[in-house]
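Me: I'd like a close look at the N-terminal part of this protein. Please start with how strand pairing is decided, then work through the packing and put that part in the context of the whole chain.

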Amino acid sequence: MGKGFTTILDDMLTLDLDLTETMVYAIIFGFSQDGESAFTGSQAYLAKKCKCSRHKVITSLSKLVERGLVAKTDRTINGIKFCEYRVSPMGTGCTPQVQGGCTPEVHNNIDNINIDNTLSIKAAPKFKKPSVEEVRAYCLERGNSVDAQAFVDFYESKGWKVGNAAMKDWRACVRTWESREKHSSPRPSSRNTTNKSSNFQVMRDMLERNRATMQGGQVDEQ
């Protein structure tokens, strides 16, 4: 038996064993956890590892076997009796696991397991460019004043792209136009421009009359 270390798992501390019994159990578990191997060492080896007497080891082994935590098998080779010890898988509620450790025992009924390995990917809906009527109806629904014809003509000339990317949602673009329209300054109409020019001329005439009066002159009525 080479040098090494003994791992005491959490479940082992719940078995109501004393320190020596726990150590013996953990050592046997370390050798037999793969479900095939067994502990075949001597009682002297266990006593040395547990730092106790051989009598204490014999008592601990008897208790573990009596409680069903450890299974003992006697083998006789060339007239010599050998003992093999294995930890019962039900001893800690754990199943043996190769290379140490302990995993919870899981009982699965294969008939009740339905595993669907198919991967379902829902494709994004393909973009369909709208008609002028569809854009106009959406604009009426939102109560904006976006010119549906101008909208369709603009993006038709762009190949229905927003920048360099293909358009995905024309309604979102309508909302963008709507937002820009709300924040843009209204353009002065031609009627307002005419009215301003007319008012400016009236003001000039009044100033001319006032200047002539102050100078003692007369101004002909137009």
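Reply: Two strands count as paired when DSSP finds at least two bridges between them. Keep in mind that what you're looking at is a predicted model.

Let's begin with the hairpin. Strand 1, residues 70-77, runs antiparallel to strand 2, and eight bridges join them. Strand 2 covers 80-87. To find your way along the ladder, start at Val70: its bridge partner in strand 2 is Val87. At the turn, two residues lie between the strands, and Asn78 takes a positive phi near 55°. As for the side chains, those in a regular strand alternate between the two faces of the sheet.

Now for the packing. The largest nonpolar core has 23 residues, and the ones that touch the most other members are Val24, Tyr25, Ile28, Phe39, Leu46, Leu61 and Leu64. Strand 2 supplies at least two residues of this core, and so do helix 1 (19-32), helix 2 (43-50) and helix 3 (54-66). Helix 1 gives the most, with seven residues. It helps to remember the geometry here: an α-helix has 3.6 residues a turn, so residues three or four places apart point the same way.

Leu64 is a good residue to click on. Setting aside its neighbours within four places in sequence, Leu64 is in contact with Leu17, Glu21, Val24, Tyr25, Leu69 and Val70. Two of those names, Val24 and Tyr25, are also on the list of residues touching the most other core members. And Val70 is the residue whose bridge partner is Val87.

Helix 2 is next. Its buried residues are Tyr45, Leu46, Ala47 and Cys50. Helix 1 and helix 3 are among the things that cover them. Just after helix 2, Lys51 takes a positive phi of about 55°.

You may be eyeing the cysteines around there, so which one is closest to Cys52, and why is there no bond? The closest cysteine sulfur to that of Cys52 is in Cys50, 4.9 Å away, which is too far for a bond. The cut-off for a disulfide is 2.5 Å between the sulfurs. Cys52 is partly exposed, at 22% relative accessible area, while Cys139 is buried at 3%. The structure as a whole holds zero disulfides.

Finally, the rest of the chain. The protein has seven helices and six strands, running α-α-α-β-β-β-β-α-α-β-β-α-α from the N terminus. Of its 222 residues, 25% are buried. Looking at contacts with a separation of 6 or more, 50% join residues 24 or more positions apart.

Further along the chain there's an aromatic cluster made of Phe127, Phe151, Phe154, Tyr155, Trp160 and Trp177. The structure holds eleven aromatic pairs. One of them is Phe154 with Tyr155, edge-to-face, at 5.0 Å centre to centre with 85° between the planes. Phe154 is partly exposed, with 37% relative accessibility, whereas Tyr155 is buried at 8%. There's a charge to look at as well: the charged end of Arg171 sits over the ring of Tyr138, 5.9 Å from its centre.

Methods. Residues numbered from 1 in each chain as written. Predicted model: local features only at pLDDT ≥ 70, side-chain atom pairs only at ≥ 80, totals over all residues. Heavy atoms only, no water. Buried < 20%, exposed > 50% of the residue type's maximum accessible area, 1.4 Å probe, protein only. Core = buried A, V, L, I, M, F, W, Y, C linked by side-chain atoms within 4.5 Å. Helix = DSSP H or I, 4+ residues; strand = E, 2+ residues; numbered from the N terminus. Contact = heavy atoms within 4.5 Å. Phe/Tyr/Trp six-rings, centres within 6.5 Å; stacked < 30°, edge-to-face > 60°. Lys NZ or Arg CZ within 6 Å of the ring centre and 35° of its normal.
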